[in-house]
Amino acid sequence: MRLFQSGAAPFVWIFCGLTAASCLPILLYPNYHLATIPAGDKGTNLWNLWWVYYALFEKHVSPLRSNYIFFPWGCDLRYHTLSIANGLIAAPITAIFGANMAYNLLFLVWTFLTGVFASLWARCFGLSITASALVGFVAAFNPYRWIHQIHLNLFSTPWIFLAFYACEQLARRKKMGRDLTLFTLAWLLALFTDWYYGLFAAGYFALRQLGWIWENRNAAAYRRAITVIAIPSIVIAASLLLYFHDTSPMLQSGVDSIDMKFSAFWSMDMLFLILPAWMFPLCKISFRPWGEFLLHPGLLFFSLGLLGCLMRKSLAMKRSQSRFLVLLTVTFLLLSMGPFLQFNSHPVTIYSIPIPLPAIIMELIPTLTSIRVFARFAYIGFLGLTIIGAAWLDAQFRARVSKGWFIGITVFCSLIFLLETGWRPPVLHKYNVQKSTFRDLSGPILELPFTPSWMSGLHMYHQTFHHQPIYVSEFSRLTQYKKQYLESFPALNILNTLARGEDITPEEEEFINSQLASELRRMEISKVLVMDFSTPSEKKQKIEEAFQKLTSYLSAEEEIFLMTSSESSPKQE
């Protein structure tokens with residue numbers, strides 16, 4: 001395979017060792033839960049893995065729709081963060097070992113491959129093996145990846161860098177068949193892992209081809225560029241049309257709209273681009289960067305990158321390559337700042353008018369209006385800067401010191417990076433599920449309480465055990481759909497209130513006394529399961545009394561079982 005004939009072997013060994021050492025807790029406890037117990041987004045992502053496998057290989061239906069949630073309506077999953085590429089890749093592991101082990105193994109393998117592919121990408125710019133491995137290290141152990149351990153789609157980053165590597169190979173070689181195939185495959189995998197990553201690959205591809213046309217302004221270059229652009233673009237367009245084409249009569253729900261003001265909130269502040277997170281307390285800045293904004297590689301790599309930009313003539317790479325890296329860095333960092341310029345958590349204005357940025361164009365393109373977390377673009381922008389910094393290190397030290405000393409310098413830079421970004425090894429949690437809780441279930445289950453999303457994700461994880469439909473769950477940006485569903489089944493809201501140990505009004509009590517049985521029959525519920533862990537004892541007693549009272553309104557023929565279960569309990573180790 002050409003990929004491994006191109007000098008990948010050193011990076012395979014380097015990142016095999018680094019991944020094993022850094023992810024040792026996962027290797028020791030492969031069936032524990034990475035980052036948190038299986039609730040909220042983590043539970044939903046575990047369900048994603050299970051559902052893709054279960055729908056395709058056991059139910060033999062499309063995984064893009066499911067009547068296992070919002071039963072009996074079902075739900076359209078095309079706008080949900082299904083990460084279908086991950087589900088397909090992990091299907092054999094999910095089938096044999098379950099979704100949880102598949103999830104953990106994916107984190108291991110994607111960390112390893114992110115390092116390898118990012119190193120190969122850096123190598124294309126003339127960096128030494130040592131300097132390229134430094135870039136791969138920053139890509140794989142970036143705080144952005146590490147903070148998203150509960151988000152399967154977001155830590156799955158290797159295909160971005162495989163696509164970038166293939167782009168660089170396309171720019172270097174005249175025979176482009178294999179490289180074009182590799183890029184198209186990598187772009188597809190990136191796109192169907194996460195929509196943002198598909199956009200990252202598209203942006204890089206567009207910038208690289210524009211650079212090629214600018215460097216080779218002749219008819220042959222134009223014809224080559226048209227071919228290179230057309231083939232993968234047609235494949236991607238056809239794949240998207242196939243993915244979003246709908247022939248099902250299942251009730252549809254579009255994505256909730258998010259106004260521009262909210263999308264600006266998920267943009268990088270100018271301060272976040274300049275200062276690493278550890279400097280915020282020193283500067284007495286009240287707002288702390290978190291989650292989506294933890295992307296800064298630290299002052300060392302930021303400073304090295306700026307030095308490289310200022311001293312590009314000293315870099316051991318073609319002028320066109322250094323110019324492209326600067327363009328890549330500026331483009332992605334600008335996009336990360338969102339539709340409006342912000343400083344210290346406030347929009348920068350001129351005569352009370354916010355200063356617009358290039359990303360505002362996305363607000364005008366219908367297919368891109370779902371792009372809201374602009375901060376994620378900084379992941380690629382900072383890595384472009386990291387390559388420039390690593391190239392500067394290469395230029396300054398590789399020819400002046402011995403190989404051993406240069407390796408020592410890069411190891412020192414890696415340690416500083418880990419210290420500056422607050423890196424920690426993975427934390428694993430144990431969560432006991434007594435399968436007897438879900439034994440002998442032959443029909444749909446209503447698990448309560450179903451709000452907030454923390455509990456919804458837990459119920460979705462439970463479904464990987466009981467393999468029966470559940471009734472309501474919180475999918476990102478499908479709240480209008482949920483609202484319609486609950487309006488159609490009003491007793492659900494009242495049951496949920498009781499399951500939380502809260503009081504209901506006399507009118508609600510009268511409604512549930514008269515309508516509960518008929519509504520449960522209409523929803524075809526076979527069991528109501530109330531998960532009562534983490535509930536204070538006084539509320540627990542109140543919940544039990546409420547549901548014991550409800551059973552008196554149900555006839556034995558309906559075979560509805562209301563039970564309080566304490567068999568599933570979260571434990572942290």
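This is a short exchange about how labels are earned in a predicted model.

Student: What does the protein chain hold in helices and strands, and how much of the chain is buried?

Tutor: The protein chain has 24 helices and 12 strands. Buried residues make up 55% of its 573 residues. The protein chain exposes about 25200 Å². Carbon and sulfur atoms supply 63% of that area.

Student: Which share of the contacts joins residues 24 or more positions apart?

Tutor: It is 76% of the contacts with a separation of 6 or more.

Student: Which residues have the most contacts inside the largest nonpolar core?

Tutor: They are Trp121, Leu127, Phe161 and Phe547, in a core of 182 residues. Helix 6 (residues 99–123) gives the most to this core, with 15 residues.

Student: What does Phe161 touch?

Tutor: Leave out residues up to four places away in sequence. Then Phe161 touches Thr114, Phe117, Ala118, Trp121, Ala139, Tyr379, Ile380 and Leu383.

Student: How do you know that the span of helix 18 agrees with its number of residues?

Tutor: Helix 18 covers residues 378–398, which is 21 residues. At 1.5 Å a residue, the helix should span 30 Å. Its end C-alpha atoms are 29 Å apart, so the two values agree.

Student: What makes helix 18 mostly covered?

Tutor: Of its 21 residues, 18 are buried. The cut-off for buried is under 20% relative accessible area.

Student: Why is the pair of Trp110 and Trp159 called edge-to-face?

Tutor: Two values decide it. The ring centres are 5.3 Å apart, and the planes stand at 75°. Pairing needs centres within 6.5 Å, and edge-to-face needs planes over 60 degrees apart. Both conditions are met, so the pair is edge-to-face. The structure holds 53 aromatic pairs.

Student: What does the pair of Trp110 and Trp159 link?

Tutor: The pair links distant parts of the chain. Trp110 is in helix 6, and Trp159 is in helix 10 (residues 158–172). They are 49 residues apart.

Student: Why do Trp110 and Trp159 count as buried?

Tutor: Trp110 has 4% relative accessibility. Trp159 has 9%. The limit is under 20%, so each counts as buried.

Student: What makes the pair of Phe272 and Phe280 tilted?

Tutor: The planes of Phe272 and Phe280 are at 45°. Under 30 degrees would be stacked, and over 60 would be edge-to-face. The value of 45° fits neither, so the pair is tilted. The centres are 5.5 Å apart, which is within 6.5 Å. Phe272 and Phe280 are buried.

Student: How do you know that the charged end of Lys42 sits over a ring?

Tutor: The charged end of Lys42 is 4.7 Å from the centre of the Tyr103 ring. The distance limit is 6 Å, with a further limit of 35 degrees from the ring normal. Lys42 is listed as sitting over the ring of Tyr103. Tyr103 is also part of one aromatic cluster, with members including Phe107, Phe137 and Trp423. The charged end of Arg224 sits over the ring of Trp212, 4.4 Å from its centre.

Student: Which peptide bonds are cis?

Tutor: One joins Phe71 and Pro72, with omega about 5°. Pro72 lies in the loop between strand 2 (65–66) and strand 3 (75–76). Another runs from Leu448 to Pro449, with omega near -10°. Pro449 lies in the loop between strand 9 (445–448) and helix 20 (453–466). Most peptide bonds are trans.

Student: What makes phi notable in Ala35 and Tyr351?

Tutor: Most residues other than glycine have a negative phi. Phi of Ala35 is near 75°. Phi of Tyr351 is about 55°. Both values are positive, and neither residue is a glycine.

Student: Why is Ala35 called partly exposed, and Tyr351 exposed?

Tutor: Ala35 has a relative accessible area of 27%. Partly exposed runs from 20% to 50%, so the label fits Ala35. Tyr351 has 80%, which is over 50%, so Tyr351 is exposed. Ala35 is in the loop between strand 1 (33–34) and helix 4 (40–59). Tyr351 is in the loop between strand 6 (349–350) and strand 7 (353–354).

Key: Residues are numbered from 1 along each chain as its sequence is written. This is a predicted model: local features need pLDDT of at least 70, side-chain atom pairs count only at pLDDT 80 or more; totals for chains, interfaces and linings use all residues. Side-chain values use heavy atoms; hydrogens and water are left out. A nonpolar core is a set of buried Ala, Val, Leu, Ile, Met, Phe, Trp, Tyr and Cys residues joined through side-chain atoms within 4.5 Å. Buried means under 20% relative accessible area, exposed over 50%, partly exposed in between (1.4 Å probe, protein chains only). Helices (H or I, at least four residues) and strands (E, at least two) are DSSP runs, numbered from the N terminus. Contact means heavy atoms within 4.5 Å. The expected span of a helix is 1.5 Å times one less than its number of residues. Rings of Phe, Tyr and Trp (its six-membered ring) pair if their centres lie within 6.5 Å; planes under 30 degrees apart count as stacked, over 60 as edge-to-face and the rest as tilted. Accessible areas come from the Shrake-Rupley method with a 1.4 Å probe; for residues, only the protein chains shown count as cover.
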